[in-house]
Amino acid sequence: MEKQHSFTREELLMSGRGELYGPTNAQLPLPNMLMMDRIIHIAEEGGLYGKGEIIAELDITPDLWFFACHFQGDPVMPGCLGLDAMWQLIGFYLCWLGGPGKGRALGCGEVKFTGQVLPTAKKVTYRISLKRVILRKLVMGIGDAVMEVDGKKIYEATDLRVGLFTSTQDF
């Protein structure tokens, strides 16, 4: 059976409820922490390193929850939410490949912010290139990512690491 290569918002919400890959496997967060509306491309090949890629999008509207509280009179999307979305996508990728367990962010190399997401923006695009994928007893993905707002690159992150754990008791 061929793998699905794009996912709608409803399918991403199914992942958050444990209905897509099962409740014991990696799940995306539910709103408000789900930081994407769709995955427009996911593949085992491609990306900067030829080891897989993910492209996802988030529609920006002025009524998104974080604009009301970050910051009053100066609304901007928190940078940590964009970074978290990139980790979310690597965890989803590992589960999509068939890796068992619950996803946990394990760190990153370098993060650089060169722009911002304002309520006037229309769309955020995440582009993740997998550098290494381990699917043994250890299930881990390492990737580099960029985040664009309306086509302009504003965040870069290197060596984003996510693992899947069949038990998180001792994590």
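The following exchange goes through the fold of this predicted model and then two of its residues, D37 and S129.

Me: How many helices and strands are there in the chain, and in what order do the elements run from the N terminus on?

Reply: The chain holds 3 helices and 7 strands. Read from the N terminus on, these elements follow the order α-β-β-α-α-β-β-β-β-β.

Me: Why does the chain count as being as compact as a globular protein of that length?

Reply: The C-alpha trace of the chain spans about 50 × 35 × 30 Å along its principal axes. For 171 residues the globule rule gives 16 Å, and the chain is as compact as a globular protein of that length because its radius of gyration is close to that value, at 15 Å.

Me: Among contacts between residues at least 6 apart in sequence, what percentage joins residues at least 24 apart?

Reply: Contact here means heavy atoms within 4.5 Å. Of the contacts in the chain between residues at least 6 apart in sequence, those that join residues at least 24 apart make up 67%.

Me: Is D37 buried or exposed, and what is its relative accessibility?

Reply: D37 lies in the loop between α1 (9-16) and β1 (38-43). The cut-off for a buried residue is under 20% relative accessible area, and D37 counts as buried because its relative accessibility is 12%.

Me: Which side chain is joined to that of D37 by a polar contact, and which backbone nitrogen does the side chain of D37 reach?

Reply: Leaving aside neighbours within four places in sequence, D37 is in contact with several residues, including T8, L12, E57 and L58. The side chain of D37 reaches a backbone nitrogen at 2.6 Å, and that nitrogen belongs to D59. A polar contact of 3.0 Å also joins the side chain of D37 to the side chain of R9.

Me: Where does S129 lie, and is S129 buried or exposed?

Reply: S129 lies in strand β5, which covers residues 123-135. Its relative accessible area is 10%, and with a cut-off of under 20%, S129 is therefore buried.

Me: Which backbone nitrogen does the side chain of S129 reach?

Reply: Beyond its neighbours within four places in sequence, S129 is in contact with G47, L48, Y49, G52, I142, G143 and D144. Among these residues, the one whose backbone nitrogen the side chain of S129 reaches, at 3.0 Å, is L48.

Note on methods
Residues numbered from 1 in each chain as written. Predicted model: local features only at pLDDT ≥ 70, side-chain atom pairs only at ≥ 80, totals over all residues. Heavy atoms only, no water. Helix = DSSP H or I, 4+ residues; strand = E, 2+ residues; numbered from the N terminus. Rg over C-alpha atoms; globule rule 2.2 N^0.38 Å. Buried < 20%, exposed > 50% of the residue type's maximum accessible area, 1.4 Å probe, protein only. Polar contact = N/O pair within 3.5 Å; in protein donor to acceptor, adjacent residues only side chain to side chain.
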